[in-house]
2 protein chains.
Amino acid sequence: MQKRAGKKRANLRDVASKAGVSVATVSRVMNNPDSVAPDTRERVETAMRALHWTPSAAARAINSGRTRFVGALVPTLDSDIFARVLAEMESRLALHRLSLVVATTGGDADIEAQKAQALLDIGAEGLLVSGAAHSPEFRALLERTRLPAVATSWYDPDFLLPTVGYDNRAAANLALGHLADLRHTRIAVLHGPVENNDRTEARLSALRESDVELSFHQTALSVAGGRDATREVIRATPQPSALLCLSDVLAAGAIYECHHAGIKVPQDMSIIGTDDLPGSSQLHPALTTVHLPVGRMGRIAADAIANWVEAHQRPADRLLDIELMVRETTAPPVG
Amino acid sequence: MQKRAGKKRANLRDVASKAGVSVATVSRVMNNPDSVAPDTRERVETAMRALHWTPSAAARAINSGRTRFVGALVPTLDSDIFARVLAEMESRLALHRLSLVVATTGGDADIEAQKAQALLDIGAEGLLVSGAAHSPEFRALLERTRLPAVATSWYDPDFLLPTVGYDNRAAANLALGHLADLRHTRIAVLHGPVENNDRTEARLSALRESDVELSFHQTALSVAGGRDATREVIRATPQPSALLCLSDVLAAGAIYECHHAGIKVPQDMSIIGTDDLPGSSQLHPALTTVHLPVGRMGRIAADAIANWVEAHQRPADRLLDIELMVRETTAPPVG
DNA sequence: TCTAGCTATGTAACCAGTTACATGATCATT
DNA sequence: AATGATCATGTAACTGGTTACATAGCTAGA
């Protein structure tokens with residue numbers, strides 16, 4: 001009466017009875033084939049195929065206590081930077097036989113907490129998060145569950161979590177220093193939205209504390225946004241002699257717009273970016289920018305979380321070097 | 001003698017005994033809090049906190065038979081296109097309360113089969129794959145397990161899996177048709193590697209079958225690759241009057257290189273791309289290209305797989321419209 | 001020929017949850 | 001006061017695997 005006509009997915013017991021062996025034998029065929037006699041193994045494998053049976057990941061996980069995946073929380077996938085970080089993380093985690101579950105937060109700390117909980121609910125063994133801004137709920141979650149988690153894209157040894165990243169303040173200062181060395185004094189800063197972006201915020205705060213006079217221009221984080229902001233900046237009198245862009249995409253827009261407006265780069269306008277995207281060296285003229293080691297960061301963070309998950313070893317914080325890439329878009333101001 | 005000093009992770013039974021209730025009551029607090037008296041609930045929640053307890057995802061999954069995540073297999077994350085598709089998929093799947101596990105294949109069909117198995121091993125309920133090239137092992141896996149899976153980035157109603165995508169041959173023909181309409185006759189085709197890239201292959205085969213005389217130039221799929229190929233093309237005599245690029249990044253490189261070489265676009269050289277990346281309309285001059293609806297594709301594929309997984313309904317194939325975006329890089333040839 | 005040791009396999013407990021069903025207490029109804 | 005309904009909670013079976021331990025059959029050494 002109970003056993004209805006098939007419908008349900010087969011389980012290990014079904015396979016065992018079909019093959020005329022015990023459950024232990026079936027399990028052995030899966031995990032330790034050598035310990036089973038060849039003809040028995042054969043029979044079991046035939047039964048598996050006949051029943052379309054695949055072991056249930058959940059049932060295995062319940063015994064091993066392992067799910068073999070970690071979660072990554074990023075503001076957006078629709079950005080060269082995060083896509084590259086994730087690409088590196090994914091391939092690095094694969095080496096540790098770990099998978100990567102991606103969740104986007106839109107930069108919203110509440111959504112981050114929510115998605116972190118969702119990742120936990122589906123069994124993530126660890127978390128990779130980006131940036132410094134996290135909600136109290138998120139912190140509470142980490143403390144309550146003691147889940148291994150590594151923060152990237154910034155560096156702060158005092159943070160609740162181990163951080164793997166670069167110094168965003170230093171990155172901004174490096175760009176500014178380069179322009180100052182060239183004797184630029186009228187500098188406009190182009191940056192993306194600050195709400196929900198602690199990295200931009202850190203860079204801006206470093207600039208604000210410098211003793212150089214700067215004008216700040218917030219715009220959309222896109223090539224078009226860079227063009228818009230540049231259009232506005234070049235209307236000012238006196239016109240700035242340099243554009244410090246906190247992102248390479250803005251710098252690309254700035255180059256286009258200067259070109260469009262007949263302003264010569266770098267003679268009439270110096271432009272410096274931040275990121276060093278793969279295409280930036282191919283812009284015309286080639287973009288001077290601050291190289292952020294995002295690929296390396298992804299690899300290191302992946303190794304760190306893998307080691308924490310597997311060997312229960314909390315990783316050390318890692319400060320990664322940034323580097324000024326002087327190319328063709330910066331020069332001393334004329335006059 | 002048995003109960004060692006703590007070490008192990010607490011389970012639901014530990015919480016129950018600590019709170020002085022039964023396991024069922026603890027479970028109710030988690031899943032149906034209203035059915036538990038407020039003070040009892042309070043006691044249970046206190047016990048949970050005290051023991052740092054979080055329910056095991058695996059144990060839940062074993063009962064529900066659900067893991068609530070699907071896997072996505074993409075050639076690479078390091079590409080605007082796939083990053084955007086995944087971004088859309090992720091946010092769309094979140095609406096269905098499904099998570100997305102990302103795996104990259106490098107375009108290698110064997111690695112794809114391998115990673116598909118790995119995704120299955122960790123419990124993926126469905127798969128999103130891209131392109132047409134798959135190994136026999138991969139097909140066998142799908143047939144054996146009957147795992148819901150949807151293929152994207154191309155369209156073929158005869159394929160083993162439901163496909164959601166556009167017609168790559170039509171995309172190439174649309175670009176070629178535009179150049180032909182402008183009366184270009186000497187056209188060079190720039191394309192990325194064909195090995196492990198069935199989409200490029202499909203576009204090329206459509207072009208080869210056309211009655212227009214074309215020269216083909218394979219290069220690296222990057223801005224630099226586009227520049228290299230263009231440098232080579234413009235050396236030829238007679239010089240082609242148009243560059244048909246099967247990818248927008250190549251077209252961007254082509255624009256830069258023409259600019260560099262003093263060739264006026266579109267007067268002396270027409271350039272057309274394929275993809276319509278967000279930055280393409282911001283290039284200078286703005287790139288004429290074939291718009292591929294990758295964002296929409298991601299959303300539709302995500303809905304399709306979610307519906308299949310949840311409602312056991314195999315989705316229908318979906319052919320998505322492509323569109324010619326005429327902007328500033330194409331014009332009739334001079335002379 | 002007896003026994004020790006090995007191999008192939010089976011039995012049943014176990015992992016950490018969920019849930020059908022049972023139970024006892026409280027409350028309203030007649 | 002007896003009856004029935006409702007509510008809060010408990011008991012135990014169940015999910016689908018793994019594995020410690022038991023056992024039967026066979027071989028080899030003394």
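These exercises work through a predicted model of protein chains and DNA.

**Conventions.** Residues are numbered from 1 along each chain as its sequence is written, and chains are lettered from A, with ligands numbered from 1, in the order written. Local features need pLDDT of at least 70, side-chain atom pairs count only at pLDDT 80 or more, totals for chains, interfaces and linings use all residues, and side-chain values use heavy atoms, without hydrogens and water.

**Exercise 1. Judge the confidence in chain A.**
- Start with the term: pLDDT is the predictor's confidence in each residue, from 0 to 100.
- Take the chain average. Chain A has a mean pLDDT of 93.
- Check the spread. In chain A, 98% of residues reach 70 or more.
- Find the weak stretch. Residues 1–6 of chain A stay under 50. The model gives them zero contacts (heavy atoms within 4.5 Å) beyond four places in sequence.

**Exercise 2. Describe the protein surface near DNA strand C.**
- Set the cut-off: a residue is near a strand if one of its heavy atoms lies within 4 Å of it.
- Count. There are 26 residues around DNA strand C, and A:T25, A:T40, B:L12, B:R13 and B:S27 come nearest.
- Sort them by type. The surface has 11 nonpolar, 11 polar and four charged residues. Here Ala, Val, Leu, Ile, Met, Phe, Trp, Tyr, Cys and Pro count as nonpolar, Asp, Glu, Lys and Arg as charged, and the others, Gly among them, as polar.
- Turn to the helices (DSSP runs of H or I, at least four residues, numbered from the N terminus). α2(A) gives the most, with four residues.
- Look at the DNA side. Sugar or phosphate holds 52% of the strand C atoms within 4 Å of the protein, and bases hold the rest.

**Exercise 3. Locate polar contacts to strand C.**
- Recall the test used here: a pair of N or O atoms within 3.5 Å.
- Try the phosphates. A polar side-chain atom of B:S27 is 2.5 Å from a phosphate oxygen of DNA strand C. B:S56 uses a polar backbone atom, 3.3 Å from a phosphate oxygen.
- Try the bases. A polar side-chain atom of B:N63 lies 2.9 Å from a base nitrogen.

**Exercise 4. Which disulfides does the whole structure contain?**
- Apply the rule: two cysteine sulfur atoms within 2.5 Å.
- Search all chains. The result is zero disulfides.
- Test A:C258. Its nearest cysteine sulfur, that of A:C245, is 9.0 Å away.
- Test B:C258. The nearest cysteine sulfur belongs to B:C245, 9.0 Å away.
- Add burial (under 20% relative accessible area, 1.4 Å probe, protein chains only). A:C258 is buried, at 0%. B:C258 is buried, at 0%.

Definitions and conventions:
A polar contact is a pair of N or O atoms within 3.5 Å; within protein, one must be able to donate a hydrogen and the other to accept it, and residues adjacent in sequence count only if both atoms are side-chain atoms. Helices (H or I, at least four residues) and strands (E, at least two) are DSSP runs, numbered from the N terminus. Buried means under 20% relative accessible area, exposed over 50%, partly exposed in between (1.4 Å probe, protein chains only).
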